[in-house]
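Take a walk through this small set of features. Start with the overall fold, then move to the surface, then to single residues.

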Amino acid sequence: MGLPELLHTGRSVMDRTYDVLPVVVALAVTYLMLTIPLTFLVKAAEGQWRKRTVRQSMPLFS
């Protein structure tokens, strides 16, 4: 489920229940639960990529 689907679902729940604050809080928590772990995974993968790139670009003899 992507961000547009998440926002659309939140909008439809708000239209049915007329409760805005609980829905917005739930959307924010869900969004953070999805993005924070993905951010850490991307940072870890980027670190591994940088290690390989630096190791491969170092000269064999100085």
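How many helices and strands are there in the protein chain? The chain has two helices and zero strands. Keep in mind that this is a predicted model.

Next, consider burial. The protein chain holds 62 residues, and buried residues make up 8% of them. The chain exposes about 5,700 Å². Carbon and sulfur atoms supply 69% of that exposed area.

Now turn to the surface. Which residues form a nonpolar patch there? They are Leu-3, Leu-7, Tyr-31, Leu-32, Ile-36 and Phe-40. Together these residues have about 590 Å² of accessible area. Helix H1 (3-17) and helix H2 (21-57) are the elements that each give two or more residues to the patch. H2 gives the most, with four residues.

Two leucines of H1 are worth setting side by side. Leu-3 is found in helix H1, and so is Leu-6. Is Leu-6 buried or exposed? Leu-6 is buried, because its relative accessible area is 10% and the cut-off for buried is under 20%. Leu-3 counts as partly exposed, because its relative accessibility is 41%, and partly exposed lies between the 20% and 50% limits.

Finally, follow Leu-6 across to Tyr-31, one of the patch residues. In sequence, Leu-6 and Tyr-31 are 25 residues apart. In space, their C-alpha atoms are 8.4 Å apart.

Notes: Residues numbered from 1 in each chain as written. Predicted model: local features only at pLDDT ≥ 70, side-chain atom pairs only at ≥ 80, totals over all residues. Heavy atoms only, no water. Buried < 20%, exposed > 50% of the residue type's maximum accessible area, 1.4 Å probe, protein only. Areas by Shrake-Rupley, 256 points an atom, 1.4 Å probe, with all protein chains shown as cover. Patch = residues over 30% accessible without salt bridge, like charges linked within 9 Å, V, L, I, M, F, W, Y side chains within 5 Å. Salt bridge = Lys/Arg side-chain N within 4 Å of Asp/Glu carboxyl O.
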